[in-house]
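Hi there,

Here is the structure I promised to send over. Have a look at it first, and then read on for my notes.

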Amino acid sequence: MALFEGKPKESWLEHIANLPRDFLRSIFRHNYPNNDVDRSEIVFKNFFLHFHPVKCHKNSLDPFYTLGLGAMTTSLFLLLTITGIILMFYYIPTEDRAYDIMKDWQDTTPFAMMYRNMHRWSAHLMVLFVFLHMSRVFYTGSYKHTRKFNWVIGVILMVLTLLLSFTGYLLPWDQLAFWAITVGSNIAGYVPNLPGFEYNVNRVMLLASTNVGQDALIRFYVLHVAFLPLITGILIGVHFWRIRKDGGLSRPPDAFRPDPYRVVQRSDTKESFAPGVKRTYGLMELVRGTCPTVDKGPYNFVFTWPHLLRAELVAFMLILVLVLGLSFINAPLEEAANPSKPPNPSKAPWYFLGLQEMVAYNAFWGGVAIPGGIVLGLMSIPYLDRNPYGEGYWFHRSRYLAIFLYTAFMTSQGILIIVGTFFRGANWGWMWPWTESFARH
Amino acid sequence: MPKHRNSLNVDKDDKDPLISRSSFLAMLGVGACLLGAGTLINASFLGYMYPNAMKVPPSVFSIGRPEEVLSRDGKVYYPKQKVFIETLSGKVRVQTAVCTHLGCTVNLVETGYSCPCHGSTYDQHGLNTGGPAPSPLVYFLVFKGASGEIMVDKAKTTLDYEHAWYSPTV
């Protein structure tokens with residue numbers, strides 16, 4: 001019998017007997033993770049898990065440290081992608097049909113309302129969770145040292161989330177959509193024009209025309225379903241990659257650092273490099289340190305499978321239950337777009353009411369300069385904050401000024417949103433929320 | 001300069017440049033090519049997103065026969081063109097209803113006009129009196145067209161509310 005790589009060719013009987021095992025092994029390159037080697041390999045060799053580290057620090061699993069906000073935001077992005085693709089099966093981005101299709105489809109198609117509600121409320125929650133996540137990262141000082149640029153990517157992701165929300169609620173082509181495009185494109189018109197263009201180039205880039213219509217709708221559709229999700233997905237990947245390369249989530253330095261203890265039960269060797277070896281190696285899957293930890297694990301690190309994955313699953317399930325619960329509340333759909341008459345008062349969704357309140361003072365300063373300054377200011381926080389302390393601690397005492405400034409800023413934005421939501425009535429006039437003529441959006 | 005740079009063993013006193021002349025020139029050339037390609041792509045994308053032929057609605061439109069326009073009195077909103085048509089004893093003038101702030105349609109109120117989106121207010125003549133509106137509501141040129149109908153030209157504007165009146169001969 002012929003030998004192949006030292007093994008005799010198996011008989012048909014053996015081959016068939018081994019086929020189930022071989023087939024499974026051809027799909028999964030690892031065994032069931034009931035031991036440390038396979039717990040490593042499942043994360044290392046599985047495409048869907050490989051953006052995790054094999055092991056992560058216990059601090060990253062503490063629900064009262066991260067609050068799970070990043071995982072929840074990611075869960076919402078996943079839910080939005082799935083429900084969004086489902087909505088795309090029926091939606092047609094035409095000026096004269098989009099609204100009617102939405103109306104008919106909601107009433108005639110099973111679960112249509114559920115998916116639309118999930119999509120709408122997930123979008124609202126995602127905006128909320130992006131801000132909560134940003135606040136968590138700020139208050140724990142997690143943007144410092146090596147994580148500076150990841151904060152910048154996070155701010156870009158925040159802007160992309162807002163743009164996705166904006167382009168999304170335009171698509172039903174109801175009154176909210178039409179007047180939001182009108183106002184949004186006119187704000188873009190306050191951005192200085194390039195010389196040599198007859199109409200303001202920023203406005204025309206959005207509208208493909210000088211007025212709001214079909215050409216604008218298809219542009220916002222493409223932005224919403226292809227362009228922005230693609231960029232957001234890529235940047236989320238970069239965001240995760242950098243967390244991984246920065247040695248996991250931020251955490252305070254371990255107070256107690258014993259010699260690495262043996263955790264991987266793989267080989268029979270007991271040797272390890274002596275502590276005190278000064279040469280460092282930038283090896284994949286090894287944490288920073290002065291000694292390569294062969295056969296030993298770093299203190300306080302646990303396997304991603306099952307600990308981190310279980311934590312992520314809990315975050316995802318919490319969000320799924322929350323969104324499914326909210327899907328019983330019907331997402332608003334206003335009257336069909338009427339280009340001649342805006343509703344009175346004409347209000348944006350809550351997350352833009354702060355912006356609308358600022359724009360109600362001055363279009364350029366409130367709509368272009370201050371929001372642009374806020375985004376640039378947020379991006380520059382890691383480069384302006386010279387305090388090296390506080391990374392990994394909630395509300396570190398040395399950071400009282402930074403914490404005060406950030407809290408004051410977020411509170412002022414919150415006040416603007418509350419004013420825009422509850423204290424503005426007809427013709428954007430001041431109105432107490434308990435008065436009878438209060439008309440809420 | 002060593003043939004193969006070893007980043008782990010950099011001699012601080014070594015005068016060797018961080019990058020060789022040929023590498024620097026090569027990167028300069030590649031950089032120039034990439035910059036040029038990027039500029040071309042961006043310029044073409046900008047041009048692609050800014051169409052030469054846009055659906056700009058005609059600036060001249062009719063508001064009807066003089067008899068019917070003059071038969072009513074007062075200020076009415078003409079939704080199709082987003083203008084207010086004001087008639088007063090044989091005179092007519094046409095004013096825009098588009099808020100000069102961010103383009104919402106203003107409403108008629110006792111004091112003049114008011115915008116539902118951001119609270120701009122205007123007086124009876126369309127002068128901006130409050131809120132974020134940067135400029136007054138303009139009046140359009142009114143004239144009698146060749147067909148005998150009363151025409152409005154949105155391209156010709158005036159802020160002079162006394163001279164905005166037009167008295168058509170019926």
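Below is what I found, chain by chain, ending with the place where the two chains meet.

Please keep in mind that this is a predicted model.

Chain A

Let me begin with the overall make-up. Chain A has 441 residues, and 33% of them are buried. Its secondary structure consists of 15 helices and 4 strands. If you take the contacts in chain A between residues at least 6 apart in sequence, 72% of them join residues at least 24 apart.

One helix to look at is α7 of chain A, which covers residues 112-139. With 28 residues at 1.5 Å a residue, α7 of chain A should span 40 Å, and its end C-alpha atoms are indeed 40 Å apart, so the expected and computed values agree. After α7(A) comes A:Gly141, which has a positive phi, near 65°.

Next, a pair of helices. Helix α8 (residues 148-170) of chain A and α9(A) have axes that come within 8 Å and cross at roughly 130°. An angle over 145 degrees would count as roughly antiparallel and one of 65 to 115 as roughly perpendicular, so α8(A) is oblique to α9(A). On the α8(A) side the contact is made by A:Phe166, A:Tyr169 and A:Leu170, while α9(A) brings A:Leu176, A:Ala177, A:Ala180, A:Ile181 and A:Gly184. By type, the residues of this contact are 7 nonpolar and 1 polar, with no charged.

I also picked out a single residue, A:Ala71, which sits in helix α5 (residues 69-88) of chain A. Is A:Ala71 buried or exposed? A:Ala71 has 21 other C-beta atoms within 10 Å, and a residue needs 20 or more to count as buried, so A:Ala71 is buried. Leaving aside residues up to four places away in sequence, A:Ala71 touches A:Glu312 and A:Ala315. Its C-alpha atom is also separated by 7.2 Å from that of A:Phe316, although A:Ala71 and A:Phe316 are 245 residues apart along the chain.

Chain B

Chain B has 170 residues, of which 23% count as buried. It contains 2 helices and 10 strands, and from the N terminus on the order is α-β-α-β-β-β-β-β-β-β-β-β. Among the contacts in chain B between residues at least 6 apart in sequence, 36% join residues at least 24 apart.

The domain assignment splits chain B into domain 1 (16-55) and domain 2 (60-158). Taken over C-alpha atoms, the centres of domain 1 of chain B and domain 2 of chain B are separated by 49 Å.

Helix α1 of chain B runs over residues 21-49. From its first C-alpha to its last, this helix of 29 residues reaches 41 Å, close to the 42 Å expected at 1.5 Å a residue. The number of buried residues in α1(B) is 0, so this helix lies largely in the open.

Where the chains meet

How many residues does each chain bring to the contact? Chain A gives 31 residues and chain B gives 23 residues. On the side of chain A that touches chain B, α9 (175-189), α10 (201-207) and α13 (350-359) of chain A each supply at least two residues. The element that gives the most to that side is α9(A), with 5 residues. Sorted by type, the residues of chain A that touch chain B are 17 nonpolar, 13 polar and 1 charged.

Happy to talk it through whenever suits you.

Best wishes

Key. Residues numbered from 1 in each chain as written. Chains lettered and ligands numbered in written order. Predicted model: local features only at pLDDT ≥ 70, side-chain atom pairs only at ≥ 80, totals over all residues. Contact = placed C-beta atoms within 7 Å. Nonpolar A, V, L, I, M, F, W, Y, C, P; charged D, E, K, R; others polar. Expected span 1.5 Å × (residues − 1). Domains from an automatic or database assignment. Buried ≥ 20, exposed ≤ 12 C-beta atoms within 10 Å, placed from the backbone. Axes fitted to C-alpha atoms, helices over the stretch in contact; angles between N-to-C directions. Parallel < 35°, antiparallel > 145°, perpendicular 65-115°, else oblique.
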